[in-house]
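Biologist: I should like a close look at a single part of this model. Please describe how that part is placed with respect to its surroundings, and state the cut-offs behind each term.

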Amino acid sequence: MTKIGVVDTTFSRIDMASIAIEVIERNLPAARIVRYTVPGIKDIPVAARNLILEEGCDAVITLGWVGAKQVDKYSYIAMSIGLIMLQILTGRHVIDVTVHEDEAGSEEELRRIAVDRVRKHAMNLVRLVKEGRSALTRYAGRGLRQGYPDIGPL
Amino acid sequence: MTKIGVVDTTFSRIDMASIAIEVIERNLPAARIVRYTVPGIKDIPVAARNLILEEGCDAVITLGWVGAKQVDKYSYIAMSIGLIMLQILTGRHVIDVTVHEDEAGSEEELRRIAVDRVRKHAMNLVRLVKEGRSALTRYAGRGLRQGYPDIGPL
Amino acid sequence: MTKIGVVDTTFSRIDMASIAIEVIERNLPAARIVRYTVPGIKDIPVAARNLILEEGCDAVITLGWVGAKQVDKYSYIAMSIGLIMLQILTGRHVIDVTVHEDEAGSEEELRRIAVDRVRKHAMNLVRLVKEGRSALTRYAGRGLRQGYPDIGPL
Amino acid sequence: MTKIGVVDTTFSRIDMASIAIEVIERNLPAARIVRYTVPGIKDIPVAARNLILEEGCDAVITLGWVGAKQVDKYSYIAMSIGLIMLQILTGRHVIDVTVHEDEAGSEEELRRIAVDRVRKHAMNLVRLVKEGRSALTRYAGRGLRQGYPDIGPL
Amino acid sequence: MTKIGVVDTTFSRIDMASIAIEVIERNLPAARIVRYTVPGIKDIPVAARNLILEEGCDAVITLGWVGAKQVDKYSYIAMSIGLIMLQILTGRHVIDVTVHEDEAGSEEELRRIAVDRVRKHAMNLVRLVKEGRSALTRYAGRGLRQGYPDIGPL
């Protein structure tokens, strides 16, 4: 049975996991979803690791919310390196969805970005799990964006 | 028996470990607490490693104090990457509490931030140790903050 | 049989993989090419890893497109560290072609840079695979550039 | 027998190792000291590694001198990550003493900083080796500084 | 028989390897030199890895040339972390010679820097290979510089 891990945080200002779970359940109805909630982005890699190595998840989606300060961005670098090393060690996809608190001018816009980004990346995960390395090839080079409208190819 | 590691530093201007230990003892009275004091933040990862691999701790809380210079921030990046790699290698949570000397306008405010951040993160650790991956799910996406009042959901 | 991996993204605004594949097919006609498409640059290392360790590729070319924001550059650092660690772990070349959305003044120029960079780096990969460590020695110190005209030796 | 490693560089403008060795010999008279000199900070991690894994050192003190340019600071990040990973892999303390060429207004002040920092950190190492994880607990949260006067607790 | 690896790039604007090889051949006449040319700095770590693990080199000198853009500096960080991790994994010295395209006001000066830096670091490598950890101790703290005149001790 396919198992999908979902990591979310209490730092986030939106319940990103529920959005991701809805997309996964609709598109991978036979999969079992395992959710893991941690305080903030620096706790995400160990949660993703445990979902893969202890819960046996085939893939994981992580839902991070990054503060506006420069030190938050440094934490983002550390988390990103960790998630990439985890993927190299395990061979499992960990789709990393990150919303930056300072990337929008209003709370409304920030919410819109977050919802769109989670939905599209959850769908990316579903496709990679269902069809593997060729699943996204039809969209290659198409300038897809998550959080914003697709910018399209040059 | 549950064993909780606590790493603190002589660089810190507050005895952060005593605050963390008080929260842990009150909420995990059966746990054994093992404290490890190091000079500064770059020494924290090896202490956390030894608490996990040599002392057998189930989880660790680290209490760092970061200077105001840019090179201190670079040290923070290195420490963060190290702690994340350690968690990936061991599967144990290392809750990283960090106070930045330049994040407050007064010493009084800095103390208030430090105390609040340690207490809340010690409680996060307690919950993760007691109830595992679902312990914090009820707070997911609630905009919790450590060191500051919760900002709340969007 | 030689197997070459090609990793591309849906974030890219150009179908970089087709350009790379054309060069590889023309110059390594007996090789089998395995393509792996992922959403964005942070997903590239695990794809390259799977092409090497699971598909048995002898070498990989990765085709990334990096956004203009500072956080995109931080993602670039994380991806680069990951690809380098992967190469250290496996001993296989992963030629990393990266186009930065902000490195050109016009879309036309950006396209020209991308095409040139992919072609030249695909040729680098072909040479390394065919002739090994001495393949590029005749060009050593010649100020070769990918994406721009060669600047030449001092 | 306790063995202590000392890594220093030819880049440094002060013979930092002699200062460290003096402190170690006075406070750990039975220890054997093994010195390893390298060109610059990027060579320090492999020297520390060899002192631990090949010479059998119980702990190491590294004595780096960092230039004033931004790229020197980037080298500092890389060295710091390396030393932290080495400690995670081996469980041995590597106390990292670093002097930044641009942290003082005069050569006299820079010398004073370097001497003070080396002495205090050598003493930190001695204490950790002699008494282990509790050795520094009496100083925890006391705002100790190396290179400058202690700032003291809040 | 001693084997020394030399890694150079086609990106460099000077044939740095020939300068290094000349120094090594003159000072280590019995050594076998193995040269590996790659496109740019991000390809250097895997070449150094292969020279150590597959060619059996006892030590490696890498000769990188870094562009002037900020993203080139980020690539430099990634390369540096990779080379340091490689040294930690293997225990072999990888002397990293890097010239930054923006560190000189004229091409003439840049050439002078590059030649001086390669020569001095090749000599550092020779000394470390011939005499080991004490080879450079007579120069410790002497403010040696590569690419510039020695600044001398404080």
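Modeller: The account below follows helix 3 of chain A and what surrounds it. The model is predicted: local features require pLDDT of at least 70, side-chain atom pairs count only at pLDDT 80 or more, and totals for chains, interfaces and linings use all residues. Residues are numbered from 1 along each chain as its sequence is written, and chains are lettered from A and ligands numbered from 1 in the order in which they are written.

I begin with the partner in chain C. Helix 3 of chain A and helix 3 of chain C, each covering residues 70-90, pack at an angle of about 30° with their axes 9 Å apart. Helices (H or I, at least four residues) and strands (E, at least two) are DSSP runs numbered from the N terminus. Axes are lines fitted to C-alpha atoms, for helices over the stretch in contact, and angles run from 0 to 180 degrees between N-to-C directions. Helix 3 of chain A and helix 3 of chain C are therefore roughly parallel to each other (under 35 degrees; over 145 is roughly antiparallel, 65 to 115 roughly perpendicular and the rest oblique). Their crossing is right-handed, that is, the near helix is turned clockwise from the far one by less than a right angle, anticlockwise being left-handed. On the chain A side, the contact is made by A:Lys73, A:Tyr76, A:Ile77, A:Ser80, A:Ile81, A:Ile84, A:Met85 and A:Ile88. From helix 3 of chain C, the contributors include C:Val71, C:Tyr74, C:Ile77, C:Ile81 and C:Met85. Residues are in contact if their C-beta atoms, placed from the backbone, lie within 7 Å. An α-helix has 3.6 residues a turn, so residues three or four places apart point the same way. By class, the contact of helix 3 of chain A with helix 3 of chain C has 14 nonpolar, three polar and one charged residues. Here Ala, Val, Leu, Ile, Met, Phe, Trp, Tyr, Cys and Pro count as nonpolar, Asp, Glu, Lys and Arg as charged, and the others, Gly among them, as polar.

The partner in chain B comes next. Helix 3 of chain A packs with helix 3 of chain B at about 30°, their axes being 9 Å apart, which makes the two roughly parallel. Helix 3 of chain A passes helix 3 of chain B in a right-handed crossing. Among the residues that make this contact are A:Val71, A:Tyr74, A:Ala78, A:Gly82 and A:Leu86, with B:Lys73, B:Tyr76, B:Ser80, B:Ile84 and B:Ile88 in helix 3 of chain B. By class, this contact has 14 nonpolar, three polar and one charged residues.

Helix 3 of chain A also belongs to a wider interface. The contact takes 37 residues from chain A and 29 from chain B. Strand 1 (3-9), helix 1 (16-27), strand 2 (32-38), helix 2 (44-53), helix 3 and helix 4 (107-131) of chain A each supply at least two residues of the side that touches chain B. Helix 3 gives the most, with ten residues. By class, this side of chain A has 20 nonpolar, seven polar and ten charged residues. In the interface of chain C with chain A, 37 residues of chain C are in contact with 29 residues of chain A. Helix 3 of chain C gives the most to the side of chain C that touches chain A, with ten residues.

The relation between copies can be stated as a rotation. A turn of 72° with a shift of 0.0 Å along the axis lays chain A on chain B with an RMSD of 0.0 Å (superposition by least squares on the C-alpha atoms of residues with pLDDT of at least 70 in both). In chain A, the C-alpha nearest the axis is that of A:Ile81, 6.2 Å from it. The copies use different surfaces: 8% of the contact residues of chain A recur in chain B. Chain C is superposed on chain A by a rotation of 72° with 0.0 Å of shift along its axis (RMSD 0.0 Å), and that is the relation of a five-fold axis. Of the residues of chain C, C:Ile81 comes closest to the rotation axis, at 6.2 Å (C-alpha).

Technical notes
Contact = placed C-beta atoms within 7 Å.
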